[in-house]
Amino acid sequence: MKIREMELLVRVARTGSMTVAAQQLHLTPAAVSASVQRIENAIGVRLFERTTRSLHPTDEGLVVIGGCQDVVDRWQRALDEARGHRKELEGTVHLSAPADTTYQILETIVGTLCMEHPELRVVLDTSDAVMHLHRDAIDMAIRYGPLADSTLSARKLAEHPGVLVASPSYLAARGTPRTPEDLARHRCLTLQLSSVPVTSWALHRDGEVRAVALRSPLCGDGYLARRWALAGMGIALKSLFDVIEPLEDGRLVRVLPEYTSGQIAIHAVFPSRRFQTARVRAVLLAVAEQFDARAARCDAWLAASQASG
């Protein structure tokens, strides 16, 4: 079996669809189906169970596809090692991240990497929606909060609380809330997650959690919530990691500082626990360095706030 055929089988298994695999491999669905059929006939093993609505590997197929993945990984590792004397990165990395993270951090990282490595191409998908890494052919994604999919490989990049913030101009005009109940009289800026508007905030204090119902006239992604807060349009609940700069320079101030949304972990996640290409590792390293520096600023700001409070 050729490497290309092994890659095709792995892609079909990961996506669970010959049509999606064909799109990612720039082939027609008919060509992918014919290739799978030809491989099955050649090795005398049925690799996939097919119905009108689903496709998944057979028990025998899992064994064969696992072996194909091992060979593909070893081949990619050999190529990386052979090219190791050249510091030039090449190929495509598909990176997914929330809008606010993209515009504040990744935009510069990706631009710098691609300037340094002209043969490297980074496709950046900017969305607060959770992308399906296999189906959407994502090599690396930045995700906030708990990780639900245990099959993914992950590296924690940072962990900080969610904080309530508003601009000084908004608080001067509307007053400063003293209790979570006071938020009902304020304009709260909320998020839309997976096309569902957030309608409540869970605020943590001394081990207790208080739910605050919200009726927000402004609901968007994380980037818009931060921009609206900066424009004096209301109170936002954001990860400290996302609002450290305006908190440092005073464009935003913390509201109800004794309350948080709890710790919010930020991870880089990958579609496989197996081998990562040199280009993906390079993107991860650049991202991790910037996240480490920003996390240090968050820690310093929290320490200074607690000392002054």
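Two strands are taken as paired if DSSP finds at least two bridges between them. In this predicted model, strand 3 (residues 91-97) and strand 4 (residues 120-126) are joined by seven bridges. The two strands run parallel. Within this pairing, T92 faces R121 of strand 4. Helix 5 completes the arrangement: strand 3, helix 5 and strand 4 form a β-α-β unit, and the unit is right-handed.

Helix 5 (residues 99-116) also contributes to an aromatic pair. Two such pairs were found in a search of the whole structure. One of them consists of Y103 and Y223. Their ring centres lie 4.8 Å apart, with 70° between the planes, and the geometry is edge-to-face. Y103 belongs to helix 5, whereas Y223 belongs to helix 7 (residues 222-230). The two tyrosines are 120 residues apart, and the pair thus links distant parts of the chain. Neither ring-bearing residue reaches the cut-off for burial, which is under 20% relative accessible area. Y103 has 42% relative accessibility and therefore counts as partly exposed. Y223, with a relative accessible area of 26%, is partly exposed because its value falls between the limits of 20% and 50%.

The largest nonpolar core holds 44 residues. In general, nonpolar side chains of soluble globular proteins tend to be buried together. The members that touch the most other members are M140, I142, L157, L240, F241, V287 and F291. Helix 9 (residues 278-308) gives the most to this core, supplying twelve residues. A core of 18 residues lies apart from it, and includes L8, A22, V36 and V72.

M140 illustrates how the larger core is connected. Neighbours within four places in sequence were set aside. The remaining contacts of M140 are H94, L95, S96, A268, V269, F270, V283, L284 and V287. H94, L95 and S96 fall within strand 3 (residues 91-97). V283, L284 and V287 fall within helix 9 (residues 278-308).

L240 and F241 bring helix 8 (residues 240-249) into the same core. Seven of the ten residues of helix 8 are buried, so the helix is largely enclosed by the rest of the structure. The buried residues are L240, F241, D242, V243, I244, P246 and L247. F241 has a charged partner as well: R294 lies over the face of its ring, at 5.5 Å from the ring centre. R294 falls within helix 9 (residues 278-308). Helix 8 is followed by G250, which has a positive phi, near 90°.

Terms used. Residues are numbered from 1 along each chain as its sequence is written. This is a predicted model: local features need pLDDT of at least 70, side-chain atom pairs count only at pLDDT 80 or more; totals for chains, interfaces and linings use all residues. Side-chain values use heavy atoms; hydrogens and water are left out. A nonpolar core is a set of buried Ala, Val, Leu, Ile, Met, Phe, Trp, Tyr and Cys residues joined through side-chain atoms within 4.5 Å. Buried means under 20% relative accessible area, exposed over 50%, partly exposed in between (1.4 Å probe, protein chains only). Helices (H or I, at least four residues) and strands (E, at least two) are DSSP runs, numbered from the N terminus. Contact means heavy atoms within 4.5 Å. Rings of Phe, Tyr and Trp (its six-membered ring) pair if their centres lie within 6.5 Å; planes under 30 degrees apart count as stacked, over 60 as edge-to-face and the rest as tilted. A charge sits over a ring if NZ of Lys or CZ of Arg is within 6 Å of the ring centre and within 35 degrees of the ring normal. A crossover is right-handed if, with the strands pointing away from the viewer, the path from the first strand over the helix to the second runs clockwise.
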